[in-house]
Amino acid sequence: MFDDRRSCLLTARLLAALAMPAALFAQDSARAPDPIAQLVGRLELERYKATIKGLTAFGDRRQGTDRNRAAVDWIEAQLRSYGCSDVSRLKYDYQPPSPPSPAGRGGQGVRPASGGGRYRGIRARTGVNSDSLKQPDARIRALDAQASTAGAREEVYCTKIGTTHPEEMYIVGAHMDGIGWGEAANDDGSGTALVMELARVLCSPDVRTDRSIRFALWNNEETGLNGARAYVEQRRALQGTKQEPKWLGMIQHDMLLFDHGMPRADGTLAATQRPEADVNIEFQTSSKFAAQAQQLAWVFQVANEKYATDYPASVGSHMTNTDSAPFQDLVPAISLRENERGTQIGAGWDPNWHQPTDVYTTYHDPDFRLGLNAAQTTLAALAGLTGATLK
Ligand SMILES: [Zn+2]
C-alpha cells in the first residue's frame, strides 16, 4: 500500500545519502534569482557552435602533429581570454606501442559490449578510417596530411579557484585530439568546446565558487587515454599540497552531438536527431568508487531535469573507453556522451565515429543542441556542487 508520509521520509533519506547539492532543489524565490539558472543562461548555442568550428580549423588534431600542437596553443589562448587562473601545460612523452594497436574497437562477436553492457537489437559496422582518399574534401585532406611522430607531448588545463575551499576541486575534461581523416568535430570537438564554454562562464570575474574546478583538455585519448594517464601519474601524489588540490570527482565529455537512434536493418541511420535523444551519463559499476560515482551521476541527472532546455539525461553503469577511466579507482568518475559508449556507439549508432564524415558540416542545430544540453547539465551540476554564486 502506498504510504505518502513514509515515501517522503524515504525520499529525504535517499537525497541525504546522495548528498545532492541543496541549490539544485531550491524553490523559486521572488526575492533572489537562482544563480544556477543565470549561469546556465550564459551558455548559447551559437557560441558553442563557434567554439567547435574554431577547433575544426586544426583538422582532426591528431596527436604528435603540428596541427595538434597549434590546437593546444589556440585552446590555451582562449582559456586565457576567458580569465581562467593558472593556465598550465602537462608535459609527457608518448611512444606508440609496436606493433600499433589494430584499428577499430568493439568487434562484432557475441562477447559483451566494451564496459560490460549487453548489446540489443541491430548492430552496424564500426572502425577507424585510415585512408586519406576517403576524405572527399581536398582542403581537409591536406589539413590532416602530416603524420604523427613519437615523442614529447603537451596538454593544457586551467583552474577556477574556490573561495572557501580552494584546496578541493572537481576535474572537468574532454579530449582535444582526434583521428579518422575528418575534422573531429564531434569526437571530440563537441566535448572540448563544452569544457571551454564552461571555463568561459565559470571563470568570469563575477562568478564565485566555494570549491575549485579544473578544466582539462586531454591529448592522446585516441591512442589509449595516454594524456589523462600521464596527468594521473604525475599529479595524484601531489593532492593536498599547494600544487594540486584534492580531487573530488572527475567528469569527462566525449562525443555529444549525434543521437539518431539504432541502425536500421540495412545498416543506415536516420538523417536527423531523434526526438527522444538524450545525454548519457555513465559510471563504471566495477570501479572502486562505483557507489560514489553513481551518486555523482544522479546529481547530474537531477541537474539536467531542472536546468537543461531540450533533452533529458539517462544514467548507465558501463562507462568505458574514455579519459575518466584512469581516475575511476581513485575518485568518483563519470562520463557524458550522446549515447552509451559500449552498447550503442560500440554497436554502430554513430556512423561518423572516427570517419571522414566527422566534419562540422555533417551536423545540424538539433545535433549541436544535444551538446549544448550536456553543457547545461554539467554547468548546473557543477555550480550546485561547488556552491557557485554571482556577485
Ligand atoms: Zn572520443
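**Exercise 1.** In this predicted model, work out which spacing the donors of the zinc ion follow along the chain.

*Solution.* Begin with the atoms that coordinate the zinc ion: His-175 (NE2), Asp-187 (OD), Asp-254 (OD) and Asp-254 (OD), at 2.0 to 2.7 Å. Placed along the chain, these donors follow the spacing H-x11-D-x66-D. Next, look at the pair His-175 and Asp-187, which lie 12 residues apart and link distant parts of the chain. His-175 belongs to strand β3 (residues 165-175), while Asp-187 sits in the loop between β3 and α6 (189-202). Finally, His-175 and Asp-187 are both buried.

**Exercise 2.** Decide whether the site of the zinc ion is tetrahedral or irregular, using the angles among its four donor atoms.

*Solution.* Four donors count as tetrahedral if all angles lie between 85 and 135 degrees. Here the angles among the four donor atoms run from 52 to 149 degrees, so the site is irregular.

**Exercise 3.** Describe the order of the strands in the open sheet, and find its edge strands.

*Solution.* The open sheet has eight strands with mixed pairing, and their order is β1-β2-β5-β3-β6-β9-β7-β8. Its edge strands, each of which pairs on one side only, are β1 (85-94) and β8 (313-316). If direction is ignored, neighbouring strands of this sheet are turned against each other by 25 degrees on average.

**Exercise 4.** How many bridges join strand β7 to β8, and do these strands run parallel or antiparallel?

*Solution.* Strand β7 (residues 279-282) is joined to β8 by four bridges, and the two strands run parallel. As one of the residues to look up in the structure, take Val-279, whose bridge partner in β8 is Ala-313.

Methods. Residues numbered from 1 in each chain as written. Predicted model: local features only at pLDDT ≥ 70, side-chain atom pairs only at ≥ 80, totals over all residues. Heavy atoms only, no water. Donors = N, O, S within 2.8 Å, 3.2 Å for Na, K, Ca; no water. Tetrahedral: all angles 85-135°; square planar, octahedral: opposite > 155°, others 65-115°. Buried < 20%, exposed > 50% of the residue type's maximum accessible area, 1.4 Å probe, protein only. Pairing = 2+ DSSP bridges. Axes fitted to C-alpha atoms, helices over the stretch in contact; angles between N-to-C directions.
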